[in-house]
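User: Please take a close look at one part of this structure, the place where its two domains meet, and describe it for someone new to it.

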Amino acid sequence: MPRYTGFNHIALVTGDMDATVRFWRDLLGLPLVAGLGHAGYRQYFFAVSSVDTVAFFEWDGVTPVAEKDHGAPQRGPVAFDHIALGVASDDDLWDIKARLEGAGFWCSEPVDHGFIHSIYSFDPNGIAIEFSTQVSGVDVRSRPRMTDSAPVPSALEGPAPRPAAWPAPAPVVPQDERRTYPGEGHDFLYAKRNAWEKTS
């Protein structure tokens, strides 16, 4: 099985990158670690941890989504509910709540979910955000639990991956036949420009 290290990035969309930078970098305190783009396209990355980032595409004509309550059931096409960022402690939740409310953003009261404490808000794009901290002594990763009163059949098989549920993988491409193809971001390696560095 693959070895996962976390979310390299979660890619969201904005029509106003400036407001997005102000919110995610300046209000929430996530460093803006990479920005690439050209006419009609941008993608900026904000560091959440040493391995995880939140990225935003900016495209012309994008408008904020209507705010939808976190976890509220929806009908019709839907693919996303909210993003939840982990924080170290309850003190961090109260700090974020004060920052959000001081900047004029709505923020819920803290909610005790048993294994996490959470607050909820929305970014300037209408994206639902949750901030959560683990409850001390409760770790569902090391001690998984299934309390659904009517679990789906696959969930009843337990928490461990069951690769046999799928056909055998295709043969892995041999090392000497592997190729990668250029995409956005080569400026990080080859371009001499960096808007954050002064040129002499």
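Analyst: A starting point is the salt bridge in which the side chains of Arg 22 and Asp 26 meet at 2.6 Å, N to O; the term stands for a side-chain nitrogen of Lys or Arg within 4 Å of a carboxyl oxygen of Asp or Glu. Arg 22 and Asp 26 are four residues apart in helix 1, and therefore about one helical turn separates them. Helices (H or I, at least four residues) and strands (E, at least two) are DSSP runs, numbered from the N terminus. The whole structure holds eight salt bridges.

The model is predicted: local features need pLDDT of at least 70 and side-chain atom pairs pLDDT 80 or more, while totals for chains, interfaces and linings use all residues. Residues are numbered from 1 along each chain as its sequence is written, and side-chain values use heavy atoms, with hydrogens and water left out.

The protein chain is assigned domain 1 (7–59) and domain 2 (81–138), with bounds from an automatic or database domain assignment. Their C-alpha centres are 19 Å apart. In contact (heavy atoms within 4.5 Å) are 15 residues of domain 1 and 14 residues of domain 2.

Together the two domains bury about 1,000 Å², and 80% of this is on carbon and sulfur atoms. Buried area is the accessible area (1.4 Å probe) that two parts lose on being put together, summed over both. On the side of domain 1, Phe 23, Trp 24 and Leu 27 lose the most area to domain 2, together 49% of what that side buries.

Between domain 1 and domain 2 there are zero salt bridges. The elements giving two or more residues to the side of domain 1 that touches domain 2 are strand 1 (9–14), helix 1 (17–27) and strand 4 (53–58). Helix 1 gives the most, with five residues. By type, the residues on that side are 12 nonpolar, three polar and no charged; Ala, Val, Leu, Ile, Met, Phe, Trp, Tyr, Cys and Pro count as nonpolar, Asp, Glu, Lys and Arg as charged, and the others, Gly among them, as polar.

Seven aromatic pairs are found in the whole structure. Rings of Phe, Tyr and Trp (its six-membered ring) pair if their centres lie within 6.5 Å; planes under 30 degrees apart are stacked, over 60 edge-to-face and the rest tilted. Phe 23 and Phe 105 form an edge-to-face pair, 4.9 Å centre to centre with 65 degrees between the planes. Phe 23 is in helix 1 and Phe 105 in the loop between helix 2 (90–102) and strand 6 (111–112), 82 residues apart.
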